[in-house]
Structures are given as C-alpha cells and as structure tokens.
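This report describes the fold and a few local features of a protein, to be read beside its sequence and coordinates.

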Amino acid sequence: MYDKHEPSALFHGLHHAHKRRVMEEQANRGVRELGAPMLLMSLFYAETAGERWSQRDVARTMRISPATVAVSLKTLEKNGYVKRSTDEQDARRNRVSLTEKGKEAVGLCGESFRAVDERMLSGFSEAERVQLTGFFTRMIENLGGMEPPPFCPDGEKESERE
C-alpha cells in the first residue's frame, strides 16, 4: 500500500496547499476570479518577447489540452483579462493577447506567487533554495522534461527560449 509520507503523496499535498495559498493571495490583491494565473503570465512573457500566440500555442507551451485552454480563455476574456482576434494571415486562427487589465493582473499574480514562495520557503537557507530548485528540475527531467517556461521565477525573461 502507498504511504502518505512517500514523495508523490507529499507532492500532491504540497501542490494543493500551494494552490490554496496562491488563491488567497490573489483574493487579497483583488483578482479572486482569476482562475489561470500561469496562463496570463505565459502570455505576458510571450508578448514581451514579441510573440503573438494562438490558442494552440498556449496549449502546446503550457502542456494542457486545447479544450482546457478554450475554457480558461473564455473566462479570462469574459472578465476582461484577454482578447482574441483573428490572425491577419490565417483567418481560421485566433491570436490571444492581454488587455491592460490582464497586464495589471500579471503583476498582482507575481506578487501573489512571491508571497507564497516566501511563506513556503521560510527558514530555508539560500543554499537549500538552490538545492530544492535543482531537485525540482531533475525530477521534471526524469519524468520526460518539459518545454522551458516562458518566464523565470524572478520575473526575468528566459534567455534560452526555443
């Protein structure tokens, strides 16, 4: 039988505790209804890099289903965070972009994530934080890797994007 102290069980608990705290921090900053902060942040850094993403690009980069992206974008669009427009070169494709409200929300999301990170890593030394990041990176690689994220935790653009 799988024990509650084994890595996958602990990771599952950490994921849910982290998500709950991020949602609380977002609510404190007035973006309670924001259900997809990572999607907004990904769009922000794509736009910063001069890219205009389609819904398919969002799904591929974030490694989530196109249907999930469509539902998330519908909500984000309804709440004024993103807008969709027809691609000038291919009328069958929609491009997604952030509105001013969406760009403001990205900053608030960053604040939320930083606050949760500080709470979560309270009492960790800088060396332990670096080691933990290395462990997470290695676990991701062990499970088949992923595309590089379109942003870094400190808010700087990833310099080695594909």
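The sections below go from the overall fold to one helix pair, the loop that follows, and the aromatic residues.

## Overall fold

The model is predicted, and its secondary structure comes to 6 helices and 3 strands, which appear along the sequence in the pattern α-α-β-α-α-β-β-α-α.

Of the 162 residues in the protein, 27% are buried. Among contacts with a separation of 6 or more, 58% are accounted for by residues that lie 24 or more positions apart in the sequence.

## Packing of H3 against H4

Helix H3, covering residues 55–62, packs with helix H4, covering residues 66–78, at an angle of about 115°, and the two axes are 9 Å apart. In this arrangement H3 passes H4 in a right-handed crossing.

On the side of H3 the contact is made by Gln55, Val58 and Ala59, while H4 contributes Pro66, Val69, Ala70 and Leu73. By residue class, the contact of H3 with H4 divides into 6 nonpolar residues and 1 polar residue, with no charged residue taking part. Gln counts as polar because it belongs neither to the nonpolar group nor to the charged one, and Gln55 is one of the residues that H3 brings to this contact.

## The loop between H3 and H4

Arg63 is placed in the loop between H3 and H4, and its backbone has a positive phi of about 60° although the residue is not a glycine. With a relative accessibility of 52%, Arg63 counts as exposed, since the cut-off for that class is over 50%.

## Aromatic residues

How many aromatic pairs does a search of the whole structure find? The search finds 1 aromatic pair, formed by Phe44 and Tyr45, whose rings lie 4.9 Å apart centre to centre with 90° between their planes. The pair is edge-to-face, because planes over 60 degrees apart are assigned to that class.

The two partners fall into separate accessibility classes: Phe44 is partly exposed at 26% relative accessibility, whereas Tyr45 is buried, with a relative accessible area of 10%. The assignment follows from the cut-off of 20%, so that a residue under this value counts as buried.

A further ring is that of Tyr81, and here the partner is a charged side chain: Lys101 lies over the face of Tyr81, at 4.7 Å from the ring centre.

Methods. Residues are numbered from 1 along each chain as its sequence is written. This is a predicted model: local features need pLDDT of at least 70, side-chain atom pairs count only at pLDDT 80 or more; totals for chains, interfaces and linings use all residues. Side-chain values use heavy atoms; hydrogens and water are left out. Rings of Phe, Tyr and Trp (its six-membered ring) pair if their centres lie within 6.5 Å; planes under 30 degrees apart count as stacked, over 60 as edge-to-face and the rest as tilted. Buried means under 20% relative accessible area, exposed over 50%, partly exposed in between (1.4 Å probe, protein chains only). A charge sits over a ring if NZ of Lys or CZ of Arg is within 6 Å of the ring centre and within 35 degrees of the ring normal. Axes are lines fitted to C-alpha atoms, for helices over the stretch in contact, and angles run from 0 to 180 degrees between N-to-C directions. Helices (H or I, at least four residues) and strands (E, at least two) are DSSP runs, numbered from the N terminus. A crossing is left-handed if the near helix is turned anticlockwise from the far one by less than a right angle, and right-handed if clockwise. Contact means heavy atoms within 4.5 Å.
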